[in-house]
Amino acid sequence: MKITVSQLPGIGQKISMKTAEDDMLVIIVHHTGKRELYFFEDSDSEEADFAMDLTPEETRELAAQLLGATYQPADIEKMRMFKRQIIVDYIKIKEKSSLVDKTIEESDVRNKTGATIIGIVHGDDAIAIPETDTTLKPGDILMSIGKEEQISSLSKLCQGEE
C-alpha cells in the first residue's frame, strides 16, 4: 500500500492510501476536526465512487475496528490444527448401554470418557446444553465434543461395549 500525506493550506491534511489493486482511500482531516472519507475504485478517477463525513469519535471507532480492537481474525493454521484435534459427533444410545436411565451426572460421562455432551436429540425434541439432571434414554442421540479418543470411548459406552 502506498500512502501519501499532503497539507491542504487553510483546510487541514489529506491522507491518500493506494492499494495493490489500484483502489484508493482518501481521508481529509480538517482543522475543525471534521473528517471526510473518499473511496475511489480506480485511483486515477477524478470523482470518488463513495464519500462520507465522519466525526472524530466515528473516525477513532473505525480505526479501532480496523486495528482489531474488538475482533481478531483467527490464525488459519491454528484453526486447522484445532479442527484436527477436536471432533463433534452424534452418537446414539443403544438399549444395552450402561448410560440408559441415568442422568448425565450419574453417568459420569465426562470423567469416564473425557467427552462432553453438548446436546441431546430425543425423538423430535432437541436439548441444547442439557442440564446434569437430564435422564438419558435408549435411542437418544448425544451431540458430543472431544478429542478423537474421547469420542471413541463415549461411542463404546453408548453401544454398551465399555
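This tour proceeds through a five-stranded sheet, its two hairpins and a buried isoleucine.

The model is predicted: local features require pLDDT of at least 70, side-chain atom pairs count only at pLDDT 80 or more, and totals for chains, interfaces and linings use all residues. Residues are numbered from 1 along each chain as its sequence is written, and side-chain values use heavy atoms, with hydrogens and water left out.

**The sheet**

Begin by selecting β1 to β5, which form an open sheet of 5 strands in the order β1-β2-β3-β4-β5 with antiparallel pairing. Strands here are DSSP runs of E with at least two residues, numbered from the N terminus, and two strands pair if DSSP finds at least two bridges between them. The edges are occupied by β1 and β5 (50-54); each has a single partner strand, so one side of each lacks a neighbour in the sheet. On average, neighbouring strands of this sheet are turned by 15° against each other, direction ignored; the axes are lines fitted to C-alpha atoms, and angles run from 0 to 180 degrees between N-to-C directions.

**First hairpin**

Next, select residues 2-8, strand β1, together with residues 12-18, strand β2. The two pair in the antiparallel sense over 7 bridges. Lysine 2 is opposite lysine 18 in β2, while leucine 8 has glycine 12 as its bridge partner. The hairpin has 3 residues between its strands, and glycine 10 in the turn shows a positive phi of about 80°.

**Second hairpin**

Extend the selection to residues 24-30, strand β3, which runs antiparallel to β2 and is joined to it by 7 bridges. Within this pair, serine 16 faces valine 26 in β3. Here 5 residues lie between the strands of the hairpin, and aspartate 22 in the turn has a positive phi of about 70°.

**A surface patch**

Return to isoleucine 3, in β1. Met1, Ile3 and Val5 make a nonpolar surface patch of about 340 Å². Such patches consist of residues with over 30% relative accessible area and no salt bridge, with nonpolar side chains (Val, Leu, Ile, Met, Phe, Trp, Tyr) joined within 5 Å. A salt bridge is a side-chain nitrogen of Lys or Arg within 4 Å of a carboxyl oxygen of Asp or Glu. Areas come from the Shrake-Rupley method with a 1.4 Å probe.

**A buried residue**

Finally, centre on isoleucine 91 in strand β6 (residues 87-92). Isoleucine 91 counts as buried because its relative accessibility is 4%, the cut-off being under 20%. Beyond its neighbours within four places in sequence, isoleucine 91 is in contact with residues including Ile141, Leu142, Ile151 and Leu154, where contact means heavy atoms within 4.5 Å. Isoleucine 151 is 60 residues away in sequence, yet the C-alpha to C-alpha separation is 8.8 Å.

Note on methods:
Patch = residues over 30% accessible without salt bridge, like charges linked within 9 Å, V, L, I, M, F, W, Y side chains within 5 Å. Helix = DSSP H or I, 4+ residues; strand = E, 2+ residues; numbered from the N terminus. Buried < 20%, exposed > 50% of the residue type's maximum accessible area, 1.4 Å probe, protein only.
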